[in-house]
Amino acid sequence: MKTILLITLMISSLVINAQEYSFAKDFVTGKVTLNDLSELNGELKWTPSHDSDLKFRKTKDDKVTKYNPNEIIGFTVDKMSFVSLKNLIVYSDNYALIGQTTKIKESFAQVVSKGKFNIYLITLAGYNPISRAPEDYLNFIFQDATNEKNNLIAYPYLIRMKEKKYEKAKADLYILFKDYPEVIEKIKSFNKENSFLELIEMISKI
């Protein structure tokens, strides 16, 4: 399992500027896993965003192929893994402004931790109506790996909105972790001024 230090460094890098990832600026060495479990080794380029396709080429002289999340299982690059997630209900500009969640059909998400509960991180490209500028909205995605339904539960991270909206967003987490009272207590005590990464570390150790 990842330590809280590694998770902190990973999240901090994304929060500061997702575009600083090497694979967001240029093609870098990586691997794609197709839906039939076969693998392609080559060069990848991807802009961290829920609506961005992955660009792949075997060598710099080859034709570029684009893959959307429905066409591949995932990809790895720079020692980071990304998987395809489908049918997500997430928190973005709609929630921050008027309290309505957003449905996403499919997206790539970064793997934070794998275990009894899988944890992912997704970036949503949105718009801040107050500053009138583009803004990225981050969501942690939780999944009970032992549940056949494999429901994906999102929770907003560092989104500028009122505390009562964060409290409302906790409802599905209470259900997901109902068998873990220590996690429930940690969730209840959490507010946007606390470090959510402590909760991530607790869940990753279950």
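In this predicted model, the buried residues of helix 6 pack against two other helices, helix 5 (171-176) and helix 7 (196-204). Helix 6 spans residues 181-189, and its buried residues are Val183, Ile184 and Ile187. These residues lie on the same side of helix 6, because the arc that they cover around the axis is only 100 degrees. Such an arrangement follows a general rule: an α-helix has 3.6 residues a turn, so residues three or four places apart point the same way.

The pairing of helix 6 with helix 7 can be described in further detail. The axes of the two helices come within 10 Å and cross at roughly 170 degrees. Since angles over 145 degrees count as roughly antiparallel, helix 6 and helix 7 are therefore assigned to that class. On the side of helix 6, the contact is made by Glu182, Val183, Lys186 and Ile187, and on the side of helix 7 by Glu198, Leu199, Met202 and Ile203. Classified by residue type, this contact holds five nonpolar and three charged residues, and no polar ones.

Helix 7 also has a buried face of its own. Phe196, Leu197, Leu199, Ile200, Ile203 and Ser204 are the residues of helix 7 that are buried. Viewed down the axis of helix 7, these residues fall within an arc of 155 degrees, so they line one face of the helix. Two of the residues named here, Leu199 and Ile203, are buried in helix 7 and also take part in the contact with helix 6. Helix 7 further lies across strand 7 (102-113), strand 8 (117-128), strand 9 and strand 10, and runs at about 25 degrees to strand 9.

The strands belong to an open sheet of 10 strands in the order 4-3-2-1-5-6-7-8-9-10, with antiparallel pairing. Strand 4 (65-67) and strand 10 form the edges, each of them pairing on one side only. From one strand to the next, the twist averages 40 degrees. As a general matter, strands of a sheet pair through backbone hydrogen bonds, either parallel or antiparallel.

At one edge of the sheet, strand 10 (residues 152-157) is largely enclosed by the rest of the structure, because six of its six residues are buried. Leu152, Ala154 and Pro156 point one way from strand 10, whereas Ile153, Tyr155 and Tyr157 point the other way, and all are buried. In a regular strand the side chains alternate between the two faces of the sheet. Strand 10 is joined by six bridges to strand 9 (residues 133-144), and the two run antiparallel. One of the residues of strand 10 named above, proline 156, is the bridge partner of asparagine 139.

Within the sheet, strand 5 (residues 72-77) and strand 6 (residues 80-90) likewise run antiparallel and are joined by four bridges. Phenylalanine 75 has phenylalanine 82, in strand 6, as its bridge partner. The loop between strand 5 and strand 6 contains aspartate 78. Aspartate 78 has a phi near 50 degrees, a positive value in a residue other than glycine. With a relative accessible area of 37%, aspartate 78 is partly exposed. A positive phi, of about 75 degrees, is also found at leucine 37, which is not a glycine. Leucine 37 is placed in the loop between strand 1 (28-34) and strand 2 (39-45), and counts as exposed at 63% relative accessibility.

Two lysines were examined at the other edge of the sheet and in the loop that leads to it. Lysine 66 is located in strand 4, one of the two edge strands. This residue is exposed, with a relative accessible area of 53%. Not counting residues up to four places away in sequence, lysine 66 touches Asp53, Leu54, Lys55 and Glu71. Of these, leucine 54 is 12 residues away in sequence, and its C-alpha atom is 5.5 Å from that of lysine 66. Lysine 60 occupies the loop between strand 3 (54-57) and strand 4. Lysine 60 counts as exposed, at 62% relative accessibility. Lysine 60 and phenylalanine 27 are 33 residues apart along the chain, and 8.3 Å separates their C-alpha atoms.

How values were computed:
Residues are numbered from 1 along each chain as its sequence is written. This is a predicted model: local features need pLDDT of at least 70, side-chain atom pairs count only at pLDDT 80 or more; totals for chains, interfaces and linings use all residues. Side-chain values use heavy atoms; hydrogens and water are left out. Buried means under 20% relative accessible area, exposed over 50%, partly exposed in between (1.4 Å probe, protein chains only). The arc is that of the directions from the helix axis to the C-beta atoms. Contact means heavy atoms within 4.5 Å. Axes are lines fitted to C-alpha atoms, for helices over the stretch in contact, and angles run from 0 to 180 degrees between N-to-C directions. Angles under 35 degrees count as roughly parallel, over 145 as roughly antiparallel, 65 to 115 as roughly perpendicular and the rest as oblique. Ala, Val, Leu, Ile, Met, Phe, Trp, Tyr, Cys and Pro count as nonpolar, Asp, Glu, Lys and Arg as charged, and the others, Gly among them, as polar. Two strands pair if DSSP finds at least two bridges between them.
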